[in-house]
Amino acid sequence: MSSVDERGLLVDLGDDRPQLPAQARIVSPIVPRASIAGRALVAVVAIMTFLASVTTGGVLLISESAAEWQSEVASEITVQVRPKTGRDLERDTALVTEAMRAQSGIVEVRPFTKDESGKLLEPWLGSGLSFDDLPVPRVIIARVQPGTTFDLTGLRNRVIQVAPTASVDDHRAWIERMRSMTGATLFAGFGILSLVIAATIISVSFATRGAMASNRPIVEVLHFVGAGDRYIANHFLRHFLQLGLEGGVIGGGFAMLGFGFSESIANWFSGTPVGDQFAALLGTFSLRPLGYIVIALQAVVIAAVTGWAARRTLFTTLANID
């Protein structure tokens, strides 16, 4: 190591190099580990992750419930036997029931009684009415064995032969509506997730610029003494990735706890009109293990997006340094 003496000449110091204490050689990080901007960013990422997790969990619940609805509806066939002058409704119902039981692929046939068929009209006509003078059709429900190829056309022809006033419904229209509703829900869910990720990127970009503004002299010194952009960017990447993981764990953890307690809360409201409506819409209102795994992966993805946005913003800022 060389030094400059009073006359301006270089003097070789040899091994007599000044030794600094260990504490003096500790280099502080380029980006402060704890700052107001960092804590604010953790809060923003936690909120974004929570909203994204709730959206994802809701989409998964609706998708699972819709799949169960479609499976149940697709496994049933409804036959209506309408009354007609000159025909015995009871006899036609019995003949249709026997024809359906003889059809291959049908495992269960249940004809509704006159009182049961009348109760199906109560949601529209109200209770306490007498249906004796009304031409109420008789309803027959048949359950199809899952995974079997069912001849619906043959069943419809056989039913019409024994009872011309009967009609067979395989609920295809309802299934198509359910699929459309599920697709719209998934589309809305992905749209909300896209907005959340975009808001996260914007928040991280502003936070990175704030960190760059407060540490710009250090970054400029490192840049001008020869430190590569990647070296500087990696420090910011690790810093913001750590902040993103912290916020993702907080937001995703609260979302998991919410879904974990949702089933217990739903049980408290069981038997009430509100509880029955939620049960009809979302079933047990509990996520499967795959749902929790998806939420955990989503928190990691948001943390990765946080680090990527910070690194990208830093490279843009370094490009503007002369």
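**Note on helix α2, the salt bridges and a nonpolar surface patch**

1. The buried residues of helix α2 are Leu-89, Asp-92, Thr-93, Val-96, Thr-97, Ala-99 and Met-100. Viewed along the axis of α2, these buried residues fall within an arc of 165 degrees, so they line one face of the helix. The model discussed here is a predicted one, and the points below should be read with that in mind.

2. As for what lies over that face, the cover of the buried residues of α2 includes the strands β3, β4 (106–111), β5 and β6 (166–169), together with helix α5 (152–162). The length of α2 also agrees with expectation, because its 13 residues should span 18 Å at 1.5 Å a residue and its end C-alpha atoms are 18 Å apart.

3. Thr-97 gives a local view of this packing: the residue is found in helix α2 and, at 5% relative accessibility, counts as buried, the cut-off for that class being under 20%. Once its neighbours within four places in sequence are left aside, Thr-97 is in contact with Val-109, Pro-111 and Ile-140.

4. The count of salt bridges in the model comes to five, and three of them are taken up here, beginning with one that involves α2. The side chains of Arg-138 and Glu-90 meet in a salt bridge, with a distance of 2.6 Å from N to O. This pair links distant parts of the chain, since Arg-138 lies in strand β5 and Glu-90 in helix α2 (residues 89–101), 48 residues apart. The two partners fall into separate classes of accessibility, because Arg-138, at 7%, counts as buried, whereas Glu-90, at 45%, counts as partly exposed.

5. Strand β5 also takes part in a second salt bridge, formed by Glu-76 with Arg-143, whose closest N and O atoms are 2.8 Å apart. Here too distant parts of the chain are linked, with Glu-76 in strand β3 (residues 76–81) and Arg-143 in strand β5 (residues 138–144), 67 residues apart. Glu-76 is partly exposed, with a relative accessible area of 24%, and Arg-143 is likewise partly exposed, with a relative accessible area of 33%.

6. A third salt bridge joins the side chains of Arg-179 and Glu-176, at 3.4 Å from N to O. Both residues lie in helix α6 (residues 172–214), three residues apart, which is about one turn of the helix. An α-helix has 3.6 residues a turn, so residues three or four places apart point the same way. Arg-179 is partly exposed, with a relative accessible area of 47%, and Glu-176 counts as partly exposed at 44% relative accessibility.

7. On the surface, a nonpolar patch is formed by Ile-47, Phe-50, Leu-51, Val-54, Ile-250, Phe-254, Leu-257 and Phe-261, which together have about 750 Å² of accessible area. Two helices, α1 (36–74) and α8 (229–268), each supply at least two residues of this patch. One of its members, Phe-50, lies in helix α1 and counts as partly exposed because its relative accessibility is 35%, a value that falls between the cut-offs of 20% for buried and 50% for exposed.

Methods
Residues numbered from 1 in each chain as written. Predicted model: local features only at pLDDT ≥ 70, side-chain atom pairs only at ≥ 80, totals over all residues. Heavy atoms only, no water. Patch = residues over 30% accessible without salt bridge, like charges linked within 9 Å, V, L, I, M, F, W, Y side chains within 5 Å. Areas by Shrake-Rupley, 256 points an atom, 1.4 Å probe, with all protein chains shown as cover. Salt bridge = Lys/Arg side-chain N within 4 Å of Asp/Glu carboxyl O. Helix = DSSP H or I, 4+ residues; strand = E, 2+ residues; numbered from the N terminus. Buried < 20%, exposed > 50% of the residue type's maximum accessible area, 1.4 Å probe, protein only. Contact = heavy atoms within 4.5 Å. Expected span 1.5 Å × (residues − 1). Arc of directions from axis to C-beta.
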